[in-house]
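This briefing is meant to be read beside the sequence and the coordinates. It goes from the whole chain to single helices and residues.

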Amino acid sequence: MFRWLVQEYGTYIYRVTYSVLHDAKEAEDAAQETFLQIYKSLPEYRSQGLKTWMTRIAVNKAIDLKRRRDRRKEEQWDPADLAVKLPVQDDEILLKLMDAERNLELRRKIAELPEGHREIVTEFYLKGKSHEQIAADLSLAVKTVESRLYRARAYIRRHWTREGWG
């Protein structure tokens, strides 16, 4: 009986698993696991559409195999491997990407600052302006710029944690 099932539905079950996995070897493995599961589950079968029942088992086995495969890939992948595989001339590109990412994160953090601190921090740290230039641009006294910058730094120390930096 079971041999007949394998002969009759083997190609069909393989096609079902292949449609999920898109890999011949893995589809074969999933088809074999499917038939093992069918064999184990035959006593529980309730004569309600054999092909549908087997198809459901095949799809579930293929999905399980795909999840295991994807999990293995995630566990095996290490960002440090990427750095080792990159040619030396690409180190500059990698550093530029990392700097750009940090700069973007810094801009996001600055955008979250209270209004009075945001402008002073942007002008001083991002645009590189001196206290005098900022005072002239914003029509403020130099002491006011220094005071606001001092308060902005204090705010940053209180509210920005290392954990908040990704």
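The points below cover the overall fold, the nonpolar cores, three helices and a few single residues.

The model is predicted. Its protein chain has eight helices and zero strands, and 25% of the 166 residues are buried.

**Overall fold**

- Read along the sequence, the elements of the protein chain follow the pattern α-α-α-α-α-α-α-α.
- Among contacts in the protein chain with a separation of 6 or more, 56% join residues that are 24 or more positions apart.

**Nonpolar cores**

- In soluble globular proteins, nonpolar side chains tend to be buried together.
- The largest nonpolar core here has eleven residues: Leu5, Tyr9, Ile13, Val16, Ala31, Phe35, Ile38, Trp53, Met54, Ile57 and Ala58.
- Helix 1 (2-21), helix 2 (24-41) and helix 3 (50-76) are the elements that give two or more residues to this core.
- Met54, one of the core residues, touches Leu5, Tyr9, Ile13, Thr34 and Ile38, when residues up to four places away in sequence are not counted.
- Another core, of seven residues, lies apart from the largest one, and its members include Leu113, Ala152, Ile156 and Trp160.

**Tyr9, in helix 1**

- Tyr9 has its place in helix 1 and belongs to the largest nonpolar core.
- Its relative accessibility is 17%, so Tyr9 counts as buried, the limit being under 20%.
- Beyond its neighbours within four places in sequence, Tyr9 is in contact with Trp4, Phe35, Leu50, Lys51 and Met54.
- Tyr9 and Lys51 are 42 residues apart along the chain, and their C-alpha atoms are separated by 8.3 Å.

**Helix 6**

- Helix 6 covers residues 115-126; at 1.5 Å a residue its twelve residues should span 16 Å, and the end C-alpha atoms are indeed 16 Å apart.
- The buried residues of helix 6 are His117, Ile120, Val121, Thr122 and Glu123.
- Gly128 follows helix 6 and has a positive phi, near 70°.

**Two buried residues of helix 6**

- His117 lies in helix 6 and is buried, because its relative accessible area of 16% is under 20%.
- Leaving out neighbours within four places in sequence, the contacts of His117 are Arg148, Arg151, Ala152 and Tyr155.
- The C-alpha atoms of His117 and Arg153 are separated by 8.6 Å, with their positions 36 residues apart along the chain.
- Thr122 is also found in helix 6; at 19% relative accessibility Thr122 is under the 20% limit and therefore counts as buried.
- Thr122 is in contact with Ile110 and Lys127, again leaving aside neighbours within four places in sequence.

**Helix 8**

- Helix 8 (residues 142-159) has 18 residues and reaches 26 Å from its first C-alpha to its last, close to the 26 Å expected at 1.5 Å a residue.
- Val145, Leu149, Ala152, Ala154, Tyr155 and Ile156 are the buried residues of helix 8.
- These buried residues of helix 8 pack against helix 6 and helix 7.
- Ala152 and Ile156 of helix 8 are buried and are among the members of the seven-residue core.

**Helix 6 against helix 8**

- The two helices pack at an angle of about 100°, with their axes 9 Å apart.
- Angles of 65 to 115 degrees count as roughly perpendicular, so helix 6 and helix 8 are roughly perpendicular to each other.
- From helix 6, His117, Ile120, Val121, Phe124 and Tyr125 take part; they meet Val145, Arg148, Leu149, Arg151, Ala152, Arg153, Tyr155 and Ile156 in helix 8.
- By class, this contact has nine nonpolar, one polar and three charged residues.

**Helix 7 against helix 8**

- The axes of helix 7 (residues 131-138) and helix 8 come within 8 Å and cross at roughly 110°.
- That angle falls in the 65 to 115 degree range, which means helix 7 is roughly perpendicular to helix 8.
- His131, Glu132, Ile134 and Ala135 in helix 7 meet Val142, Val145, Glu146 and Leu149 in helix 8.
- The contact of helix 7 with helix 8 has five nonpolar, one polar and two charged residues.
- Val145 and Leu149 of helix 8 meet residues of helix 7, and both Val145 and Leu149 also take part in the contact with helix 6.

Note on methods:
Residues numbered from 1 in each chain as written. Predicted model: local features only at pLDDT ≥ 70, side-chain atom pairs only at ≥ 80, totals over all residues. Heavy atoms only, no water. Helix = DSSP H or I, 4+ residues; strand = E, 2+ residues; numbered from the N terminus. Expected span 1.5 Å × (residues − 1). Buried < 20%, exposed > 50% of the residue type's maximum accessible area, 1.4 Å probe, protein only. Axes fitted to C-alpha atoms, helices over the stretch in contact; angles between N-to-C directions. Parallel < 35°, antiparallel > 145°, perpendicular 65-115°, else oblique. Contact = heavy atoms within 4.5 Å. Nonpolar A, V, L, I, M, F, W, Y, C, P; charged D, E, K, R; others polar. Core = buried A, V, L, I, M, F, W, Y, C linked by side-chain atoms within 4.5 Å.
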